[in-house]
Amino acid sequence: MQGIAEGFSARSTADLAAYYAMLPTASDPQDNRAFPQPMQDRSGASMAIRLIIFGDGGRGIPPCQSCHGPVSYVKGAPPLSTQNSNYLEHQLELFSDGNRANDINIRMRSIARQLTPEEKTAVSDYYGAGLGPGVTSR
């Protein structure tokens with residue numbers, strides 16, 4: 001995407017951002033793989049909730065909601081509850097191994113490296129189900 005976007009003017013970038021921001025996030029009945037899905041295995045929900053609300057101070061992991069907001073949305077950070085779990089888990093892996101490095105102050109890379117595979121899956125599944133603190137299940 002960076003190669004394509006390099007030639008965009010500031011106006012074109014703003015127009016595209018506005019366009020994508022106004023697109024619906026509800027499931028498309030024709031292809032719902034790209035949208036939030038019900039949480040299939042709720043066994044990791046308590047682990048996810050703990051990390052999202054409290055983090056893990058012992059490991060220096062802040063709560064997810066401190067950056068992504070208490071309802072999984074805050075200006076300047078990606079809205080997590082509108083993403084699917086596979087995408088979220090893949091992004092955590094990319095941050096963890098350093099293949100994604102667009103985080104300010106290396107914050108997500110530092111956090112993702114400390115998460116266990118089970119924690120990455122739990123948080124991804126929880127947000128990927130369209131859940132988050134203060135967000136009800138669909």
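Biologist: Which residues of the largest nonpolar core touch the most other members?

Modeller: In this predicted model, that core has 16 residues, and Ala48, Ile52, Leu115, Val123, Tyr126 and Tyr127 touch the most other members. Helix 3 (45-53), helix 5, helix 6 (107-114) and helix 7 each supply at least two residues of the core.

Biologist: Which residues is Ala48 in contact with, leaving aside neighbours within four places in sequence?

Modeller: Ala122, Val123 and Tyr126.

Biologist: Now the helix pair. What makes helix 5 oblique to helix 7?

Modeller: Their axes, for residues 85-96 and residues 117-128, come within 8 Å and cross at roughly 140 degrees. Angles over 145 count as roughly antiparallel and 65 to 115 as roughly perpendicular, so helix 5 ends up oblique to helix 7. The crossing is right-handed.

Biologist: Which residues of helix 5 and helix 7 make the contact?

Modeller: Helix 5 brings Ser85, Leu88, Glu89, Leu92, Glu93 and Ser96, while helix 7 brings Pro117, Lys120, Thr121, Ser124, Asp125, Tyr127 and Gly128. By class, that contact has 4 nonpolar, 5 polar and 4 charged residues.

Biologist: Lys120 of helix 7 caught my eye. Why is Lys120 called buried?

Modeller: Buried means under 20% relative accessible area. Lys120 has 5%, so Lys120 is buried.

Biologist: And which residues does Lys120 touch, not counting those up to four places away in sequence?

Modeller: Glu89, Leu92, Glu93 and Ser96, plus Ala112 and Leu115. Leu115 is also one of the core residues that touch the most other members.

Notes: Residues numbered from 1 in each chain as written. Predicted model: local features only at pLDDT ≥ 70, side-chain atom pairs only at ≥ 80, totals over all residues. Heavy atoms only, no water. Axes fitted to C-alpha atoms, helices over the stretch in contact; angles between N-to-C directions. Helix = DSSP H or I, 4+ residues; strand = E, 2+ residues; numbered from the N terminus. Parallel < 35°, antiparallel > 145°, perpendicular 65-115°, else oblique. Left-handed = near helix turned anticlockwise from the far one by under 90°. Contact = heavy atoms within 4.5 Å. Nonpolar A, V, L, I, M, F, W, Y, C, P; charged D, E, K, R; others polar. Core = buried A, V, L, I, M, F, W, Y, C linked by side-chain atoms within 4.5 Å. Buried < 20%, exposed > 50% of the residue type's maximum accessible area, 1.4 Å probe, protein only.
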